[in-house]
Amino acid sequence: MRADKGIVCDVTQPNSPAPARRGLARLAAAALVVVGLVGSIAAAGAWRSSVEERAQQSMEVTVGAASAAVASNVARSVDLLEQLRALVVATPDITNTEFARYWDEAAIEERFPGVLGFVRVDRVSASEADEFLEAAAADPINGLDPSDDLAVFPAGSREEYCLQRVGLFGIRQVEDFEIPAGLDFCAVDLGPGLVSEIPSALEASTASGELVTFRFDPLEELFIVVLPLYEGGEMPSTEAQRRAASKGWVVSTLDPDALTAGAELQSGLAIEVRHRDELGDEVIVPRAGPAPTGDDLVTSVDTQDGWTIEVVGDPSPAGLSPGEQGLVVLAVGVLLTMGGAAYIWLLSGARDRALQLVAERTAELAHQALHDELTGLPNRALIRDRAQQLLGRAERDGASVAAMFLDLDDFKSINDTLGHGVGDELLVAVARRFEGALRGIDTVGRLGGDEFVILVESHPPEAGPQAVAQRLLDLFAEPFELAGESHRISASVGVAIGSRSDVDEWLRDADIALYEAKARGKARYAVFHPAMRPPASAAGDELS
């Protein structure tokens, strides 16, 4: 400070020689060039790291959400098959008319669009075949419309047939193969060059008592799921008992594309679904594109009933690469530095003002690098730094800490109906409410979109993290004035209480709790507990 004052004094002296003033100006310009270049290089490196980190974290969330969506679709499809099996076991004399009524009342086509058909297949001895076919002709399976001369296909005398009795077909013919009403599911040879895998699947399902999946050659773009039926409705304990008690199966045809519905969250996301059973490891949904590279983010989820969901995502950001963006930041910094130096060099008489402008511009760049452009709140980089400091204090001093993820409910509808400009206006209004509701030592920042992070510490018991979360939700009780009209907006909050081993785990737990709050109906908060973690996390499979 004293040296600065001395320089000012020299400049303002009326008798100071001009060469001395120019020398000081050139010295200041040279110092600015050195500091500016070093700062530009540092800023470019920090920007590149920040872009890579944001892209990685974004892809982690995307891949995690995609794997959870596929796992949910798989579980729903299997649950439906179990439900239909329970129906035909509980009502063995159900007619096809009654089954169709149940199908419609349960809205299966709307709720499970990937289910294309379901039948109960009975074991029928040769002596019972004529009577069975006569009953089947009188009560035809929905979607098949058998002719009056219903017969076993393929023709031939066999000791036992496996014939469909009740069910519904949404698709009957694929390419040149038409499913006959009298199809013998236990027949291996279905025609010239057409060998059926169905008998092997039925045998494997009976022996294991478990679900079996496979692709049927004429229906190559679909896959078939088989579950066994036993006398008395209960599965015997040994394989020999299961074979002796076998009375048939339930068979369902599914569209594999339905398993990935809702999981196409980002272009370039590759999803593979496999199922392991007595027939081996069957690829149900093949992964499109090349094999994953070392830079790709790969998440694999294994379920207890043999399903594996693998999601591969490329964390590289769209547009300019992190390195290219870093070069842009460096170029901007160099241009600003050289411009500032030239300004000082040419206008030595206004040195103090020039130095002040440089300092202000440097502070502005530093602020922009760490704050959200729209709301002025800390951005992801500053949030992570604050979170790291908070975890350090918690470990050192035992401070009570909590991280919260807040997400606006149905924010997309605001953008779609009122426009992105009004959506930005809402985000700014939300940020202002946050600033008036939190303490000075707490941190509130914006990750992007409509997602905010709140970091709090050392609240007394009567004002703990749950109370803070409720206070945040209460901020939305008053309507927001948008485009000249009042709009009621709600939000959901996920809370992760207590310290963690690292920032990523802490914020990820808060994000998981946020998804739980959304799943419970929105406009509420949820506190994280380890049971919320998906199976992969519980098994130690990190998403990073």
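**Salt bridges, sheet and cores in the predicted model**

Asp410 comes out as partly exposed, its relative accessible area being 48%. This is a predicted model, and in it the side chain of Asp410 meets that of Lys522 in a salt bridge, 3.0 Å from N to O. Asp410 sits in the loop between strand S14 (401-408) and helix H11 (411-418), while Lys522 sits in the loop between helix H14 (503-519) and strand S20 (525-527), so the pair ties together parts 112 residues apart in sequence. Lys522 is also partly exposed, with a relative accessible area of 29%.

Arg158 and Asp184 make another such pair, their side chains meeting at 2.9 Å, N to O. Here the link runs from the loop between H5 and S2, home of Arg158, to the loop between strand S4 (177-178) and strand S5 (189-191), home of Asp184, so parts 26 residues apart in sequence are tied together. Asp184 is buried at 1% relative accessibility, whereas Arg158, at 25%, counts as partly exposed. Elsewhere, salt bridges link Arg500, Glu505, Asp509 and Arg533 into a network. The overall count comes to 23 salt bridges.

Turning to the sheet, five strands line up in the order S2-S1-S9-S8-S7, forming an open sheet with antiparallel pairing. Strand S2 (160-169) and strand S7 (212-214) each have a single partner strand, so these two stand at the edges with one side lacking a neighbour in the sheet. On average, neighbouring strands are turned by 25° against each other, direction ignored. Nine bridges join strand S1 (residues 115-125) to S2 in the antiparallel sense, and Arg120 has Val166 in S2 as its bridge partner. Two helices pack on this sheet. Helix H5 (residues 129-138) touches S1 and S2, its direction making about 10° with that of S2. Helix H6 (residues 198-208) touches S1, S7, strand S8 (223-230) and strand S9 (246-254), and its direction makes about 45° with that of S8.

Arg120 also forms a salt bridge with Asp122, with the closest N and O atoms 3.0 Å apart. Arg120 is buried at 9% relative accessibility, and Asp122 is buried too, with a relative accessible area of 13%.

As for nonpolar packing, the largest core has 40 residues, and those with the most contacts inside it are Phe99, Trp103, Phe118, Leu259, Val273 and Trp307. Helix H2 (residues 18-90) supplies the largest share of this core, twelve residues. Another core, of 32 residues, lies apart from it and includes Ala129, Leu133, Leu183 and Ile224. Back in the largest core, Phe118 touches residues including Leu81, Leu84, Val88, Phe99, Trp103, Val166 and Val250.

Conventions. Residues numbered from 1 in each chain as written. Predicted model: local features only at pLDDT ≥ 70, side-chain atom pairs only at ≥ 80, totals over all residues. Heavy atoms only, no water. Core = buried A, V, L, I, M, F, W, Y, C linked by side-chain atoms within 4.5 Å. Buried < 20%, exposed > 50% of the residue type's maximum accessible area, 1.4 Å probe, protein only. Helix = DSSP H or I, 4+ residues; strand = E, 2+ residues; numbered from the N terminus. Contact = heavy atoms within 4.5 Å. Pairing = 2+ DSSP bridges. Axes fitted to C-alpha atoms, helices over the stretch in contact; angles between N-to-C directions. Salt bridge = Lys/Arg side-chain N within 4 Å of Asp/Glu carboxyl O. Lists of a residue's contacts leave out its neighbours within four places in sequence.
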